[in-house]
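Dear colleague,

Please find below the structure that I am handing over to you. My findings follow directly after it.

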Amino acid sequence: MADSREAPPFSDPAMVLVEKLVKVYPGGTRAVDGIDVRVERGEFFGFLGPNGAGKSTVMKVLSTLLRKTSGRASVAGHDIDREPMAVRRNIGFAMQEVGLDDLAKGRDFLVMQGLLYGLSRHEAGRRADELLELVGLTSVAGRKVGTYSGGMRRRIDLAAALVHRPPLLFLDEPTTGLDPQTRLALWDHLKQLNDQGITVFLTTQTMEEADRLCRRIAIIDRGRIVAEGSPRALKAEVGGDVISLTFDQANGEVDLLRAQALVREQPYVVDVKPAGTGLSITTRDGGATLPSLLRLLLENGIVVANLSVSSPTLDDVFLKHTGRKIRSEAAAGNEWDQALRPWLGLGKR
Amino acid sequence: MSLLRETYYIYLRNVRVWLSHPLNVASPIMFVVFFFLVFGTPLSSVTLLPGFPADDYKAFLTGMILVQAVVFSGSDTGFAMLTDILSGYFEKLLLSPVHRFSILLASLLTAGTRALMQALVIVALALVLGVSFKGGVLGIIAVILMSCVFGIAWSSLGLMIALKTKNVQVTESTWLLFFPLVFLTTAFMPKEFLSGWFRVAVSVNPVNYVLEGIRVIVVEGWKWDVILPGLWVLVGMTVVLTSAAAWFYRRATG
């Protein structure tokens, strides 16, 4: 708060501007640890990171749902502390956990949203019809929202976020829990919206989503941004193809450190990191170097059980900067979640 | 958009949600009918006791039934807000460019509307059963208004518990906590007929002053030495409880 009292108002034309943002929850969890972000008008920007990285917290602070601990931020040219109402008027937010008025009919729900954003009843009605058409829910507009499927709920939530034609759309993991077909359809919607000039700020754990949709992404881990750039540039930074090897443990546990040291000595290897029960090896040309690698390992008594060669992915970018894969983080989170939910009397997600 | 207009839209939505559950509307009616039938007529000869302040026991009970209806539905407002919080709709409201206070105000007005509906049903049934309101038409209006204000004050308690605990079971069970406050009163007998610890408890129970203020308008008319203390307690209770609810609400919404 002291920062925003003393610092001059923002004059930067960026759609989102964040400086040294920190958020510490009661209890001491430092969810956001001093991040700087800039999103230009009309951009499709993404935060990519595993569960607990701080993505949703950043979004909730920027949308004024949560108070920041320190730092500064402006959204659509408005300081989030000094002008929270102006911020809310300029954003639409479709959250990870879809929050709808289940007892309202679809159209009535959108009309209510319009009224809350200052539209007249007539305008709100017209806008609701327009949006129902856009998201393909006209045929169920008279049904209660509580009867909608998961995909339909996401679509009407997106429609609700657009009712007041905001210049900036926040989307917090918008395709979580959707089947592939619905996910693709939603991606198309989002691309269309961005083509129409709406700035989109998205958070995701899905590399494909970030890769397909975002012009620029920031990789976030444990409250900090570890890398930022276009997906293409970030992948190019990894330095080449990635050979993933897992070792045969049938004759005893393989000494990963020894294997890593052996591989690292080779001139064609750019980088090598442990990955589970094997190694992730970056080379300039995976196809050409693979035979030499396999021969080297076999000569030293290390048998490869499985291998793959791939061009760099954002997961590799994440691995390079954090030493971990996003997938293993997401999978671990999901396993715990699925294991605990029955004990808590909750159904499966 | 003005605070009033925002509050109005959210209030309309809250009322629609409340009316969408048929039991919400039917249960106060069933409750009232039960009390009048079970206690009103069978115990009517109580009024023959020397010094009893009413000649119609149903009239004497009307005040208690009005107060009890409010107390027993005290958790409804908190429960409604908690439902919105847990469903995520509350965050949807917080994300919109409305004054945050309008959400709370709309909840309190919904509580007042609920109390109004209950009071109208109770008064109508009392009239049908032959209760004569000694305070006249103005007395009927006063009794209904006091019940509405009491409903707003009392719902603030349920709101505080919901906002503090965010727990469905605890919020739903709130009425159990306040249940004694209705019965540690002159609900069934005037104070002159009570004794010992019970009489002491009645004397310090603020709900009793509200109850007596409402009841005296029904059974005796405009007796200001009883009405005024009831009004003061009601105003004080409303100010304190709604302010406390606003404080809890502010903390919960940042």
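I begin with a pair of residues in chain A: A:Ser244 has A:Ser280, a residue of S13(A), as its bridge partner. Please keep in mind throughout that this is a predicted model.

The strands around S13(A)

The pair just named belongs to a longer ladder, in which strand S11 (residues 241–247) of chain A and S13(A) run antiparallel and are joined by 6 bridges. S13(A) also pairs with strand S12 (residues 269–275) of chain A, again in the antiparallel sense and over 6 bridges. Within that second pairing, A:Ile281 of S13(A) stands opposite A:Val272. S12(A) and S13(A) form a hairpin, with 2 residues between the strands. In its turn, A:Gly276 has a positive phi of about 65°.

Is strand S13 of chain A mostly covered or mostly open? Strand S13 (residues 278–283) is mostly covered, since 6 of its 6 residues count as buried.

The sheet of four strands

Chain A also contains an open sheet of 4 strands, with antiparallel pairing and the order S2-S1-S4-S5. The edges are held by strand S2 (30–39) and strand S5 (78–79) of chain A; each has a single partner strand, so one side of each is left without a neighbour in the sheet. The partner of S5(A) is strand S4 (residues 70–75) of chain A, and these two are antiparallel over 2 bridges. One of the pairs here is A:Val75 with A:His78, the latter in S5(A).

Chain A as a whole

Chain A has 13 helices and 14 strands. It comprises 349 residues, of which 42% count as buried. Of the contacts in chain A between residues at least 6 apart in sequence, 68% join residues at least 24 apart.

Nonpolar cores

The largest nonpolar core has 148 residues, and A:Ala159 and B:Val67 are those with the most contacts inside it. Helix H7 (residues 136–165) of chain B provides the largest share of this core, namely 14 residues. Leaving aside residues up to four places away in sequence, A:Ala159 touches A:Leu110, A:Leu131, A:Leu132, A:Leu134 and A:Val135. Another core, of 13 residues, lies apart from the largest one; among its members are A:Ile243, A:Ala275, A:Ile281 and A:Leu293. Of these, A:Ile281 has already appeared above as the residue opposite A:Val272.

The contact between the chains

How many residues does each chain bring to the contact? Chain A contributes 21 residues and chain B contributes 17 residues. On the side of chain A that touches chain B, helix H3 (84–90) and helix H4 (106–116) each supply at least two residues. The residues on that side of chain A comprise 12 nonpolar, 3 polar and 6 charged.

Helix H1 of chain B

Helix H1 (residues 3–19) of chain B has 17 residues and reaches 24 Å from its first C-alpha to its last, close to the 24 Å expected at 1.5 Å a residue. Its buried residues are B:Glu6, B:Thr7, B:Ile10, B:Tyr11, B:Arg13 and B:Asn14. These residues lie on the same side of H1(B), because they cover an arc of only 165° around the axis. What covers the buried residues of H1(B) includes H4 of chain A, together with helix H4 (74–87), helix H5 (89–95) and helix H6 (100–128) of chain B.

Yours sincerely

Methods. Residues are numbered from 1 along each chain as its sequence is written. Chains are lettered from A and ligands numbered from 1 in the order in which they are written. This is a predicted model: local features need pLDDT of at least 70, side-chain atom pairs count only at pLDDT 80 or more; totals for chains, interfaces and linings use all residues. Two residues are in contact if their C-beta atoms, placed from the backbone, lie within 7 Å. Ala, Val, Leu, Ile, Met, Phe, Trp, Tyr, Cys and Pro count as nonpolar, Asp, Glu, Lys and Arg as charged, and the others, Gly among them, as polar. A residue is buried if 20 or more other C-beta atoms lie within 10 Å of its own, exposed if 12 or fewer, and partly exposed in between; C-beta atoms are placed from the backbone. A nonpolar core is a set of buried Ala, Val, Leu, Ile, Met, Phe, Trp, Tyr and Cys residues joined through C-beta atoms within 7 Å. The expected span of a helix is 1.5 Å times one less than its number of residues. The arc is that of the directions from the helix axis to the C-beta atoms. Two strands pair if DSSP finds at least two bridges between them.
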